[in-house]
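Here are some questions about how the labels on this structure are justified. Each answer sets a value against its cut-off.

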Amino acid sequence: STTEGTSYEEGVTAKLVCQPASGPHEELSLTDKLKPGDQIGTFTLGYELHVAGQYKAHLMLNGQEINGSPVRFTVKADKPSGRLSTLQVPDKQPTMHEEYELLLIAEDKFSNKLDRGGANVQARALGPSVTNAATSTDYNNGTYGIKFTAGAVGEYRVEVRLDNVKIKGSPHVILFTGKKGDEGVKT
């Protein structure tokens with residue numbers, strides 16, 4: 001039987017347990033999302049998920065799991081979003097004549113970090129003397145190495161586009177100094 005304002009049968013409950021790729025374990029009641037199916041005793045359940053991770057949907061009748069419950073499934077990150085993807089700067093001090101690598105971390109429109117590669121990444125380094133043009137390396141795990149070499153002390157700008165969309169914080173400004181031990185150069 002149904003009661004006014006609800007669309008589920010007495011004693012039928014649904015809950016979703018989520019272990020996201022990052023963040024805390026969560027439980028969410030989905031009982032109010034159950035809708036009567038086409039036949040008596042059947043239900044449909046629709047709920048849009050945005051967080052990547054491992055999920056279990058528990059379907060119960062009078063507090064007991066029904067056959068086949070819990071249903072386990074994985075939600076993967078969506079396609080990468082240039083607007084939300086970021087560059088991570090290495091701990092090492094940038095110095096001229098040494099290859100410098102930044103790490104592009106790809107995220108989807110829901111802020112999930114990607115776990116796969118395949119995006120089209122374009123990188124460009126601009127500054128006083130770029131001796132090796134910027135290149136990108138797909139690490140096939142949702143990260144991309146952006147590398148270039150500066151041939152002179154000064155300020156450089158690194159512009160990065162992911163699937164033809166400028167990434168968050170681009171262009172990124174980097175100040176290159178001389179090699180360690182050089183005198184008269186700011187570090």
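Q: What makes up the lining of the largest pocket, by class?
A: In this predicted model, that lining has 6 nonpolar, 6 polar and 3 charged residues. The largest pocket has a volume of about 250 Å³. Of its 15 lining residues, those closest to the centre are Ala21, Ser22, Ala52, Asn112 and Lys113. Ala21 and Ala52 are counted as nonpolar because Ala belongs to that class, and Lys113 is charged because Lys does.

Q: Which strands each supply at least two residues of the lining of the largest pocket?
A: Strand 5 (53-61) and strand 7 (71-75) do so.

Q: What makes Glu26, Glu27 and Glu48 the charged part of the lining of the second largest pocket?
A: The class list counts Glu as charged, so Glu26, Glu27 and Glu48 fall there. The lining has 3 charged residues, beside 7 nonpolar and 1 polar. His50 also lines this pocket; His is not in the nonpolar or charged list, so His50 counts as polar. The volume is about 170 Å³.

Q: Which strand gives the most to the lining of the second largest pocket?
A: Strand 2 does, with 3 residues. Strand 1 and strand 2 each supply at least two.

Q: Why is the contact between Glu27 and Lys15 called a salt bridge?
A: The closest N and O atoms are 3.4 Å apart. The cut-off is within 4 Å, so the pair qualifies. Glu27 lies in strand 2 (residues 26-29) and Lys15 in strand 1 (residues 12-20), so the salt bridge ties together parts that are 12 residues apart in sequence.

Q: How do you know whether Glu27 and Lys15 are buried or exposed?
A: Glu27 has a relative accessible area of 52%, and exposed means over 50%, so Glu27 is exposed. Lys15 is at 27%; this lies between 20% and 50%, so Lys15 is partly exposed.

Q: Why does the pair of Lys33 and Asp32 count as a salt bridge?
A: The closest N and O atoms are 3.9 Å apart, and the limit is 4 Å, so the pair is accepted. Lys33 has a relative accessible area of 30% and Asp32 one of 49%. Neither value is under 20% or over 50%, so both residues are partly exposed.

Q: What makes Glu107 buried when its salt-bridge partner Lys113 is exposed?
A: Glu107 is at 11% relative accessibility, and buried means under 20%, so the label follows. Lys113 is at 54%, which is over 50% and therefore exposed. Their side chains meet at 3.2 Å, N to O.

Q: How many salt bridges does a search of the whole structure find?
A: The search finds 9. Lys76, Asp115 and Arg116 are linked in a network of salt bridges.

Q: How do you know that strand 13 and strand 14 (residues 165-166) pair?
A: Antiparallel strand 13 and strand 14 are joined by 2 bridges; pairing needs at least two, so the condition is met. Arg161 stands opposite Lys166 in strand 14. Their hairpin has 2 residues between the strands, and Asp163 takes a positive phi near 50 degrees there.

Q: What makes strand 10 (residues 121-126) and strand 15 (residues 172-176) partners of strand 13?
A: Strand 10 pairs with strand 13 (residues 154-162) in the antiparallel sense over 6 bridges, and strand 15 pairs with strand 13, also antiparallel, over 5 bridges. Both counts satisfy the minimum of two, so both are pairings. Gln122 stands opposite Arg161 in strand 13, and Tyr156 opposite Ile174 in strand 15.

Key
Residues are numbered from 1 along each chain as its sequence is written. This is a predicted model: local features need pLDDT of at least 70, side-chain atom pairs count only at pLDDT 80 or more; totals for chains, interfaces and linings use all residues. Side-chain values use heavy atoms; hydrogens and water are left out. Helices (H or I, at least four residues) and strands (E, at least two) are DSSP runs, numbered from the N terminus. Buried means under 20% relative accessible area, exposed over 50%, partly exposed in between (1.4 Å probe, protein chains only). On a 1 Å grid over the protein atoms alone, a cavity is a set of points where a 1.4 Å probe fits but cannot get out, and a pocket is an open set with protein on both sides within 12 Å along at least five of seven lines; lining residues have an atom within 4 Å of a point. Grid points are joined across faces, edges and corners, and a volume is the space filled by probe spheres set on the points.
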